[in-house]
Amino acid sequence: MIRETAYSEIEIANMVTEIHSHECAYVTEYGKFKLRSYQFPLAFIFAIEEINRNTHILPNTSLGFELYNVENNLRDIMQQGFFCLTGMGINIPNYTCRRKNKAAALLTGTEWETSVQVGRLLNLYKYPQITFGPFDTMLSDRVQFSSLYQTAQKDMSLSRGIVILMVHFNWTWVGLVLTDDHNGAEILSQLRREMDRNRVCVAFVEMILDSQVYLYLETRSIHRNIQKSSANVVFLHDVTHYLYYLILYIQIHSITWKVWIIKTQWDITNGSPYFIFDPFHGSFIFAQHHAEISGFRKFIQTYRPSKYPEDYILALLWNIYFNCSFSGPDCKILDNCLPNASLEMLPGNALEMEMTEESYNVYNSVYAVAHSLHEMTLKQVQIHPHENGEEIIYPWELHPYLKNIHYKNGAGKLMVLDSQKKLETEYDILNIWNFPDGLRQKMKVGTFSPKAPQGQELILSDHMLQWATGFAELPRSVCSESCVPGFRKSPQEGKPVCCYDCTPCPDNEISNETDMDHCVKCPESHYANTEQNHCLQKAVTFLAYEDRLGKALTYLALGFSSLTAGVLGVFVKYHHTPIVKANNQALSYILLITLIFCFLCPLLFIGHPNTATCILQQSTFAVLFTLALSSVLAKTVTVVLAFKITFPGRLIRWIMISRATNLIIPVCTLIQLMLCGIWLSTSPPFLDSDAYSEHGYIIIICNKGSTIAFHSVLAYLCCMALGSYTVAYLSRNLPDTFNEAKFITFSMLVFFSVWVTFLPVYHSTKGKLMVAMEVFSILASSAGLLGCIFLPKCYIILFRPHRNVLLHVRNKAN
């Protein structure tokens, strides 16, 4: 039993063709003939003849067959079903007027509605039914259809194959057109699951109702929505009778071209009108892979009216295309035929010469029945080995054999009818080429094998592809344009993940591929280029002598140390003068020598750091400045003791004579040494790198280690400076010609101001500027001590020598 709903320019229905031979069994095919479905009965007859020639299947037995033609309506389906059961033109349930034997099984297809309607009738009689249409989960329900078997393989991996094809071409914005039935709902669920897994989004879903009433309006609405959508790729599933009207409408009215992905047993390449601009040119078809059946092409080439005079369709084709005389009443070809005419010569590829997917299922269905009959016959012979009479076969006896049958068809492929044992099928990917004059061809351009290793399931010959009209190159089907390297995808609120905005990567992050979801942070040793699509190696840098800043600070340090050495030389040369002798000459020498080293101390901060220099930087700085400040404090205390105490006692007299104030220097220095010792023993400075302060550079710096210890050292120095400032301030107005109190007050004020300002500025800078800031503070505070205490004295010594004599001092004192 065959049912086919293809549109064709030729349509013949309600006719019966019978061929009888030595028949102890029949295989019946039930269908509505149209030109493109004409291959179904051809495959049916080819299988029957091949089996009858095979001595290993049903020996001494010939298969006969009957063909039924069905209109596309429920009444005709049921009527022809009764005809098949009763063998009469009158529908009488539970009554038969057939020959001796009934047909052993009934083949139905290709739409599931036909198999369902006939199956409910045949199920009452336990009549074997084999459908050669696409596999349907509803028909595999053994409760409703216990007598029905399906030949087609399951489309278990179809959704995955289609989505992998979309991913292969980077199509992430796809429309879906499906039938509004259980098949459409099932494929929609599978597609959504696979598309979500591969981040492919559904642009629209159009479900076509199985309704003739609303067909035209619905077709217009669906076509309008397809044309308006920005999706350039549309998946079309299961082209049934109603979807075919949409195809015709698309062919007539399409303005915006689309790439169609089609899974169908219905062939759109034949039997449809020809248009100069074919909307389906460049589309893809997923067809279940099947082996080539040898001899089938030759069978079609030699299938002529002279050999099969009872085939009225064949006679009609010869009359139309080859100008043969035709007898209408008995559907016979008379004469005047084109010599050597064959079905291969039909114009416009009206009939495919290679076996189609549905015809392959018809072929396998016939073989399934034949093998089952063969097994049943052998079983009967084993049970009744001595009976010579012809055994009567009842159709329901065939079920155990059909259910468990497994056989090899003419191509050597293993076939089973049990839906639980069916294997995953492979798919051929066909590309529709529309040649001139509407000669559409389906070219195999690839395969999809679900059993292949991951990443190798899809094999596609991209160079063979023809793209849809309007696309000169690979079509794009995306909701949003790709984000170029340097940008990341930012989802749009309330829209699918395929719709997004492109946002620049944050600082020091890159995206080196298109459509990246997240930017990647560069490692510490690298930095992002200006386009933020590549990480570049950072250059190692430090406060070097070659840098301008490093050179300037080096020259300042050497210059000030030289100046201090010059001041020391002046003091040594004029050591006999009153201004040098005043305020403890030895302390002045100690302070000047200390200042020379203070000015040289910044050289430890310049150049490539190492562990030794990192430790020496802070400890040397702390000890030298402690020595300098303690010397100033000692000088200040000496002045106070000398002029503030009117009646000195023994203790003060002893302090003044023994110069005990000089003990301030070792005591204060010892305290600082203890602080530095604790610092170095607990958390000493170490070599470190700063990869973030300066773009494109890794700065080699000395880490202070313990920040508490560092700030404690600074706090101790500031306390000493504050103490010296306080004592000097109290003695600023003492009646001494060479009184240093005023100068010490200013020097401590400068020192204190420099280091108090240093802390916030130091913590607000980064990298080399931090080091330069500390160096500058050392130089500034040292220069403050030198300038405020010693430069006024040098001015008098060198430029006002008349004021540096004892007589001038006495006169001024009086």
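Two residues are in contact here when heavy atoms of one lie within 4.5 Å of heavy atoms of the other. With that meaning in hand, and bearing in mind that this is a predicted model, Phe-625 makes a useful starting point: leaving out residues up to four places away in sequence, Phe-625 touches Cys-598, Leu-717, Phe-751, Trp-755, Ile-778, Ser-781 and Ser-782. Phe-625 also belongs to the largest nonpolar core, a set of 65 residues in which Phe-625 is listed with Phe-571, Phe-621, Trp-755 and Phe-790 as having the most contacts inside the core. The element that gives the most to this core is helix α18, spanning residues 707–730, with 10 residues. A second core, separate from the one just described, holds 58 residues, including Ile-45, Ala-47, Tyr-308 and Phe-322. As a general background, nonpolar side chains in soluble globular proteins tend to be buried together.

Some nonpolar side chains are found on the surface instead, where Leu-663, Val-667 and Ile-671 form a patch with about 260 Å² of accessible area together. Of these, Ile-671 is found in helix α17, residues 664–682, and Ile-671 is classed as partly exposed because its relative accessible area is 37%, a value in the range between under 20% for buried and over 50% for exposed.

The strands offer another view of the interior. In β11, which runs over residues 284–288, 5 of the 5 residues are buried, and the strand is therefore largely enclosed by the rest of the structure. In a regular strand the side chains alternate between the two faces of the sheet. In β11, Phe-284, Phe-286 and Gln-288 point one way while Ile-285 and Ala-287 point the other way, and all of them are buried. The partner of β11 described here is strand β10, residues 259–263, which pairs with β11 in the parallel sense over 3 bridges, and in this pairing Ile-261 stands opposite Phe-284.

Charged side chains can be followed next. Side chains of opposite charge can pair when their charged atoms come close, and a search of the whole structure finds 12 salt bridges. One of them joins Glu-457 to Arg-160, with the closest N and O atoms 3.3 Å apart. This pair links distant parts of the chain, since Glu-457 sits in the loop between β17 (439–448) and β18 (458–460), whereas Arg-160 is in helix α4 (residues 158–168), 297 residues apart. The two partners fall into separate classes of accessibility: Glu-457 is buried, with a relative accessible area of 9%, and Arg-160 is partly exposed, with a relative accessible area of 23%.

In another salt bridge, the side chains of Arg-297 and Glu-344 meet at 3.1 Å, N to O. Because Arg-297 lies in helix α8 (residues 296–301) and Glu-344 in the loop between β13 (332–333) and α10 (357–383), the pair ties together parts that are 47 residues apart in sequence. Arg-297 counts as partly exposed at 33% relative accessibility, and Glu-344 is partly exposed with a relative accessible area of 37%.

Lys-768 and Asp-547 likewise meet through their side chains in a salt bridge of 3.3 Å, N to O. Here Lys-768 lies in helix α20 (residues 768–789) and Asp-547 in the loop between β25 (539–541) and α12 (548–573), so that parts 221 residues apart in sequence are tied together by the pair. Lys-768 is buried, with a relative accessible area of 18%, while Asp-547 counts as partly exposed at 24% relative accessibility. Elsewhere, Asp-155, Lys-263 and Glu-357 are linked in a network of salt bridges.

Finally, a few individual polar residues deserve a look. Asn-123 lies in helix α3, residues 112–124, and is buried, with a relative accessible area of 16%; leaving aside its neighbours within four places in sequence, Asn-123 is in contact with Gln-144, Phe-145, Ser-146 and Ser-147. Asn-170, in the loop between α4 and β7 (173–179), has a positive phi of about 60 degrees although it is not a glycine, and counts as exposed at 53% relative accessibility. Asp-515, in the loop between β21 (509–510) and β22 (520–521), is also not a glycine, yet has a positive phi of about 55 degrees; at 27% relative accessibility, Asp-515 counts as partly exposed.

Definitions and conventions: Residues numbered from 1 in each chain as written. Predicted model: local features only at pLDDT ≥ 70, side-chain atom pairs only at ≥ 80, totals over all residues. Heavy atoms only, no water. Core = buried A, V, L, I, M, F, W, Y, C linked by side-chain atoms within 4.5 Å. Buried < 20%, exposed > 50% of the residue type's maximum accessible area, 1.4 Å probe, protein only. Helix = DSSP H or I, 4+ residues; strand = E, 2+ residues; numbered from the N terminus. Patch = residues over 30% accessible without salt bridge, like charges linked within 9 Å, V, L, I, M, F, W, Y side chains within 5 Å. Areas by Shrake-Rupley, 256 points an atom, 1.4 Å probe, with all protein chains shown as cover. Salt bridge = Lys/Arg side-chain N within 4 Å of Asp/Glu carboxyl O. Pairing = 2+ DSSP bridges.
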